[in-house]
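This report goes through selected computed features of one protein model. The structure is shown first, and the description follows.

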Amino acid sequence: MSKPINTCVLGVGLAGLTFHIPFILALPQIFTLHSVLERNPQSSGGKVYDRFGVSAKIHRTLGQVLEDPEIELVIIGTPNQTHYDFAKAALEAGKHVLVDKPVTASVKQAKELGALARSKGLVLYGFQNRRWDSDFLALKRLLALPETSPQSLGALVEFESHFDRYRKVLKGTWKDDPLPAAGQTYDLGSHLIDQTLTLFGRPDRLTAFIENVRGIGSPEVDDCFTIHFHYSRGPAHPYPFTAILRGHILSARSRQLRYIVRGTKGTYVKYGVDVQEDQLKVIPSPKAILEDAYGKEPESMWGTLENIADDGVTVKSSIWPSADAGQYIELFNNLGGAIRHKAELAVKWEEATAVIEMIELAHKSAREGVTVPSTSTIGDVKQEIYTVCPGNPRVPGQRIIWRGRYLVDHEKVDELWKPDEPRIVHLAVHPSAWSSSPPEIPPPTQSPTPPSQTEPPQNMQPLPVPRRTRNLPSTAFPIIQAPHPLSYILFKHQSALSALSSEMMSPTRPIDQEASRSLAMQVVEGNGWIWPTILDTEFPVATDGGLKYERIIVDGQNFLSLVTPSAAPTPLQLHALRVLSYTFSLLSIPITHTATVRHVASQSVPIPPNVNALLQQLGLPQLRAPQNQNLNPNPNPILPRLGDLPVRPLLAPMLFLLFRTILLLYFVSPARKPIFGLLILAWMLYEIWRPIRNGLVRALQAAAAAENQQNRPAPAEQPARPGAPNPQPNPQGDAPRPPQNAPVGVQAPIFDLQAGAVLDTFANVNVHTEERILNEVPGADTAEPSLSHKVVIFFSLLLSTVHPAVWNTRRVALRQREGRIRTEANLRETQVDNESEGANRAQLRNGLREQHSRRPRWIREYIDRVVAAEWVDDSD
């Protein structure tokens, strides 16, 4: 049996406590929760102990995690903008890495991490857990049915996937800040895109609409997205197929839509999201993940099918069950197998990178699209191009080309194109029409060169290519010097130009055309492009007639000018125009050389004496000592720790204390009633002393530990550096001893325990009474609390929960009660099928319904309000 993997979880927020730590604890034979990264723990055991009662080592900084040699796996559940830096640092430290979604903010970062992991032989895993949603597993099973099945959807024509919610205000977290990888597209869109790519693969085209629909917060942080994946007709899709991915923040529904899948033989509709997240928030122990009830959707959430009968008219409805329970735990089983036994990754890093690529393309599509109503004219299109396009080309200098001819300004969009026809045109801009600098096409992101890849020949010259921001250039290109990577594309480009005008010279066919094509395809696909099939199609035979172009010179450059705009193009010319629509873009791909970089290890050199004095005499800036050198050691072990006191945890209590003091001083005059002034002063001193004392206690503990470590003798065979921790284990196996001169006041006094008991008493006001009422035998005559009782409890809680400790304790109790109520409601509302379910299960549900009906009406109304409302202090 393999040794469990020592795991450190970075971040103990929603991601760490809900989606990572429970599974690490539920699989002790595979993982060991060695430690967590928690910068400012509010209790001795941290959030992990408060939530699960499990002790784990607490690291305050990422550096401590990376320097810990016992850690093998690092799970990154921190804010999105930190994923790349933390993952890179962990890989460079030799740790395996599991990265929460989105894995990075850019494709360039994702590819760099993938190359780094491969070079070090480490596992790099993207946390795409929604592949194990119960409804997604049911959908995969439905799509796998043969077409002969009566429940088959047939050939798909449209796929719609949603992650909607209703939230009118900001959450007030880091997700609202305009940081890298911020917004709903990166957050929820990562799940929808990954599921769609898993089902159908990479799309042929992509169209996206991304915006901040509420108009609150930063405009750069989107809260609504609609992404269309377009799949062309082919062997996998007999019909043109569109996948629509949507996430809306203002979707007011009792049950949110999840899937709509349309096919030639039926439609599948599903409401509600997977239940695992809600279950993970309230499970009493990680062992609950291994129980049969975990991950199973109630039957009321199962999807519905509508299929066309054999007569082609009748529609038959049926239920498509989510029979397979959701199993996020399978991701962790696969991760452990990959680390210990080299198992194949269920979520390959290339697949996680493809998700980020689709998100980047979606944002690019949303920024650069031109949208006008169908009733608009070509003149309106030109005006919109002038408004939104970079460079703002003036309307008189624009020429819109479609099917080989110029479109006239008065022509209407709805008369030129059919409703389902792609509306793709070519824009030509006269050089004098640009209002500002023409847009420059940035070079595509180059993937890192693998170590085994050989460098290109040093004598290979870059290929001259036309500019994309001008009219069609007609310059004859120089002779190709093989083996240029884009020689095949250039041959097709020159062939298309010669097909449009007899003034263009026919190109010379490459010597080895198949080898040239393969090399060009590698370059195109390596830069993130899709190889156009039009380049593999032979040119049609030339016929008489068609369009006529003449060669003109503008600003010293050669162009082709259309002479007969009213003529119809020949098949050869249509094919040539289609080829040029791709080759102009592909020829802009830069061919770069891999430069050899010599890495020189840097060393810290101490500053010689009197150097700064000489530099000051010469009028030059002084040298500074590196930050890791302590040029003025302080013998006092406490003073250096004062800078480590956390300021942010102190700031909020101080501000609230100041606010409450001002209110008290406003209503109570200390000058007239000195006793109240003394009470207020004593209370202020107590409130100020507690956070400061806690910080000093932590500093004293750290100073004592450091002093004890320095005083401990190092092994004889390897003397330790002064002040550095001794990594050697205790040879005697004895338990660690406390420092000889431990500072006074490190342990909490009895008064703190008494104060904590008082705060718990305030937090649990009326909680036990309410629990007793809810747990009473149904049918008992339980009287509803009086109005005066409710008023007293309300104002008591209003005053006591101002203290954060009181509110946190009460919130935990309410969440536990709410979890039990929701679980019972799910079991009670599920449709029971006595034929397919066991008698015990049906009897349990019938009993719950009977008990609920016998409860007093005011208790039933309370339970209904709990189920209908959101979770207490929900932060997802």
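## Surface patch

L787, V791, F794, F795 and L798 make a nonpolar surface patch of about 520 Å². Patches are made of residues with over 30% relative accessible area and no salt bridge, where like charges are joined within 9 Å and nonpolar side chains (Val, Leu, Ile, Met, Phe, Trp, Tyr) within 5 Å. A salt bridge is a side-chain nitrogen of Lys or Arg within 4 Å of a carboxyl oxygen of Asp or Glu. Accessible areas come from the Shrake-Rupley method with a 1.4 Å probe, and for residues only the protein chains shown count as cover.

The model is predicted: local features need pLDDT of at least 70, side-chain atom pairs count only at pLDDT 80 or more, and totals for chains, interfaces and linings use all residues. Residues are numbered from 1 along each chain as its sequence is written, and side-chain values use heavy atoms, with hydrogens and water left out.

L798 of the patch is found in helix α23 (residues 787-800). Helices (H or I, at least four residues) and strands (E, at least two) are DSSP runs, numbered from the N terminus. L798 is partly exposed, with a relative accessible area of 45%; the classes are buried under 20%, exposed over 50%, and partly exposed in between (1.4 Å probe, protein chains only).

## Whole protein

The protein has 26 helices and 19 strands. Of its 876 residues, 39% are buried. The accessible surface comes to about 50,100 Å², and 56% of this belongs to carbon and sulfur atoms. A contact means heavy atoms within 4.5 Å. Among the contacts with a separation of 6 or more, 71% are between residues 24 or more positions apart.

## Aromatic pairs

A pair of aromatic rings is described by the distance of the centres and the angle of the planes. Rings of Phe, Tyr and Trp (its six-membered ring) pair if their centres lie within 6.5 Å; planes under 30 degrees apart count as stacked, over 60 as edge-to-face and the rest as tilted. The count by this rule comes to 12 aromatic pairs. F23 and Y328 form a tilted pair, 6.4 Å centre to centre with 55° between the planes. This pair links distant parts of the chain, 305 residues apart: F23 is in helix α1 (residues 14-26), and Y328 is in the loop between β14 and α10. F23 counts as buried because its relative accessibility is 0%, and Y328 is buried at 0% as well. F794 and F795 form an edge-to-face pair, with 5.2 Å between centres and 80° between the planes. F795 counts as partly exposed at 47% relative accessibility. One aromatic cluster is formed by F23, F31, F127, Y328 and F332.

## Two buried loop residues

S322 is found in the loop between β14 (315-320) and α10 (329-341), and counts as buried at 3% relative accessibility. Which side chain does S322 join in a polar contact? The partner is E297, at 3.1 Å. A polar contact is a pair of N or O atoms within 3.5 Å; within protein, one must be able to donate a hydrogen and the other to accept it, and residues adjacent in sequence count only if both atoms are side-chain atoms. Leaving aside neighbours within four places in sequence, S322 is in contact with residues including S134, D135, R141, K270 and W302.

I71 lies in the loop between α3 (62-67) and β4 (73-76), and is buried at 3% relative accessibility. I71 and S35 are 36 residues apart in sequence and 8.2 Å apart in space, C-alpha to C-alpha. Not counting residues up to four places away in sequence, I71 touches N6, C8, H34, S35, H59, V65 and K95.

## Helix α4

In helix α4 (residues 83-92), the residues H83, Y84, F86, A87, A90 and L91 are buried. The buried residues of α4 pack against β1 (5-10), α3, β4, β5, α5 and β6 (124-127). G94, with a positive phi near 85°, follows α4.

## Backbone angles

Most residues other than glycine have a negative phi, and most peptide bonds are trans. Two asparagines with positive phi are listed below.

| Residue | Phi | Loop | Relative accessible area |
|---|---|---|---|
| N392 | near 45° | between α12 (378-388) and β15 (398-402) | 26%, partly exposed |
| N766 | about 70° | between α21 (750-763) and α22 (767-774) | 17%, buried |

A cis peptide bond joins K101 and P102, with omega about -15°. P102 is found in the loop between β5 (96-100) and α5 (107-120).
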